[in-house]
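Here is a short briefing to keep beside the viewer. Please have the sequence and the coordinates open as you read.

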Amino acid sequence: MRTQVGIVGAGPAGLVLAHLLHRQGIDSVVLERQSREHVERRVRAGVLEHGTVDLLTEVGLADRLLRERMVHHGLELLFEGEAYRIPLRELSGQDITIYGQHELVKDLIAARIATGEPLLFAVDDVVLAGLDGVTPTISFTEDGARRELHCDIVAGCDGFHGISRDHVPDGAATYYEREYPFAWLGILAQARPSSEELIYAYHDRGFALHSMRSPEITRLYLQVRPDEPLAEWPDERIWSELRSRLARRAGGWTLSDGPILEKGITAMRSFVMDPMRYGRLFLAGDAAHIVPPTGAKGLNLAVADVLVLAGALDAWFRSGNSALLDAYSQTCLRRVWRVQHFSWWMTSMLHRAADADPFTHQLQLSQLRYVTSSRAAATSLAENYVGLPLPGRG
Ligand SMILES: Cc1cc2nc3c(=O)[nH]c(=O)nc-3n(C[C@H](O)[C@H](O)[C@H](O)COP(=O)(O)OP(=O)(O)OC[C@H]3O[C@@H](n4cnc5c(N)ncnc54)[C@H](O)[C@@H]3O)c2cc1C
């Protein structure tokens, strides 16, 4: 098998890249470890920046998204039992879109299949070779048979736990990492959202987030310990904890509950690889960087990376000009570090570490009071939350 770009991973990064390349007349093969059913059901992100939505719309990937999404013009910060609205649209001129990542992945897979170009699910033992030469290969097992794909370029879009990054030799990249002393217990519930907008709550018992996926499905999160056993969280304990952390002093607000459709615990980490490239291997999305989910940025960052990569590959395949490819990592990392800072800042402001001292608590309250009372501070939150312009735009 031969292709121009071998893409490892059919998450948002790999599938959007494949689509952009197809529009530019560049061949690719997408290899995915999981089954189609698995990736279409994997519940993760839900907040899309306006730039992500604009790009998906421009390239014909947003028909269902535009029909079914929820558009939010603001969000709420809740602390000391009082709720404060951050009017995103008024402050930044932009909105955010709520649309489940798994729904987007379904749309992206359908679009890929419609092109007739290869997207192979359930491939195993993916191994990269020749990355420092001019004809890298990807070998993998499909239906029990070993196969080899010869490429000009390999795109490592296989997420944080993928194999692409492991093929970068020791010393060829610098890794920046921070682990947080907490995790998120997330549930998906068959319950009508209790608020029209997202609620980020800072509480003595820990952070909580109220969000939604549709007018019938609520997505809720609780800060827990990273080693917290899920078995210790029966449904009633989850609802009771959510009710405590999302309560308002004035009363008059109730959390609607319902059957829990899914629950899971996600560790929180910040991670950046620099450069996001080794030879002919280009890493994009979670394969190259991870942010804690508090800023709702990971998927959006993955899309920004592949927009840059697709543009650079277009120039290179057309004219042999490698300037944009050579600048790929640097171009992406500027945005990555801005988003890292914002995600770290939101996380630090809103979570209670088990061993946090009273001084830290007072600093967090001071920051929350500032961001909810100063238009300048709220505008900074808003412009980062709705998303800065995509690279090369605005
Ligand atoms: C609880 C939670 C909430 C989040 N909320 C938000 C949010 O609101 N907004 C936001 O923007 N982001 C959010 N994120 C982050 C977002 O989900 C990720 O950043 C996003 O999935 C990254 O996309 P990706 O394509 O880079 O990686 P992934 O989605 O991880 O895709 C990688 C793909 O590669 C495949 N793969 C892995 N290894 C191999 C292999 N060896 N061979 C072949 N294929 C392989 C995987 O199966 C997967 O399909 C959230 C994440 C979590 C966990």
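The notes below go from the whole chain to its strands and then to single residues.

This is a predicted model. The protein chain has 394 residues and a radius of gyration of 21 Å, in agreement with the value near 21 Å for a compact globule. Its secondary structure comes to twelve helices and 20 strands.

**Overall shape and surface**

- The C-alpha trace of the protein chain spans about 65 × 40 × 40 Å along its principal axes.
- Of the 394 residues in the protein chain, 56% are buried.
- Taking the contacts between residues at least 6 apart in sequence, 72% join residues at least 24 apart.
- About 16700 Å² of the protein chain is exposed, and 49% of that area comes from carbon and sulfur atoms.
- The protein chain carries 41 positive and 49 negative charges, and the mean positions of the two sets are 3 Å apart.

**Strands 1 and 2**

- Strand 1 (residues 5-8) pairs with strand 2 in the parallel sense, over four bridges.
- To find this pairing in the viewer, start at glycine 6, whose bridge partner in strand 2 is valine 29.
- Strand 2 covers residues 28-31, with Ser28 and Val30 pointing one way and Val29 and Leu31 the other way.
- Both faces of strand 2 are covered, in that Ser28, Val29, Val30 and Leu31 are all buried.

**The sheet of strands 3, 7 and 4**

- As a reminder, strands of a sheet pair through backbone hydrogen bonds, either parallel or antiparallel.
- Here three strands form an open sheet in the order 3-7-4, with antiparallel pairing.
- Strand 3 (47-48) and strand 4 (70-72) are at the edges with a single partner strand each, so each has one side without a neighbour in the sheet.
- Strand 3 and strand 7 (residues 96-98) run antiparallel and are joined by two bridges.
- Valine 47 is a handy marker for this pair, as it stands opposite isoleucine 98 in strand 7.

**Leucine 77 and its surroundings**

- Leucine 77 belongs to strand 5 (residues 75-79).
- Is leucine 77 buried or exposed? Its relative accessible area is 0%, so leucine 77 is buried.
- Beyond its neighbours within four places in sequence, leucine 77 is in contact with Glu82, Ala83, Tyr84, Ile86, Tyr200, Leu350, Leu368, Val371, Thr372 and Leu381.
- Leucine 77 and leucine 198 are 121 residues apart in sequence, while their C-alpha atoms are 8.6 Å apart in space.

**Backbone details in loops**

- The peptide bond from aspartate 274 to proline 275 is cis, with omega near 0 degrees.
- Proline 275 sits in the loop between strand 17 (260-274) and strand 18 (277-278).
- Alanine 122 is not a glycine, yet its phi is positive at about 55 degrees.
- You will find alanine 122 in the loop between strand 8 (119-120) and strand 9 (124-129).
- Why does alanine 122 count as partly exposed? Its relative accessibility is 48%, and partly exposed residues fall between 20% and 50%.
- Alanine 296 also has a positive phi, near 55 degrees, in a residue other than glycine.
- The loop that holds alanine 296 runs between strand 20 (289-290) and helix 8 (298-319).
- Alanine 296 counts as buried because its relative accessibility is 18%, and buried means under 20%.

Terms used. Residues are numbered from 1 along each chain as its sequence is written. This is a predicted model: local features need pLDDT of at least 70, side-chain atom pairs count only at pLDDT 80 or more; totals for chains, interfaces and linings use all residues. Side-chain values use heavy atoms; hydrogens and water are left out. The radius of gyration is taken over C-alpha atoms; the globule rule is 2.2 Å times the number of residues to the power 0.38. Buried means under 20% relative accessible area, exposed over 50%, partly exposed in between (1.4 Å probe, protein chains only). Contact means heavy atoms within 4.5 Å. Accessible areas come from the Shrake-Rupley method with a 1.4 Å probe; for residues, only the protein chains shown count as cover. Lys and Arg count as positive and Asp and Glu as negative; His and the chain ends are not counted. The place of a charge is taken as NZ of Lys, CZ of Arg, CG of Asp or CD of Glu. Two strands pair if DSSP finds at least two bridges between them.
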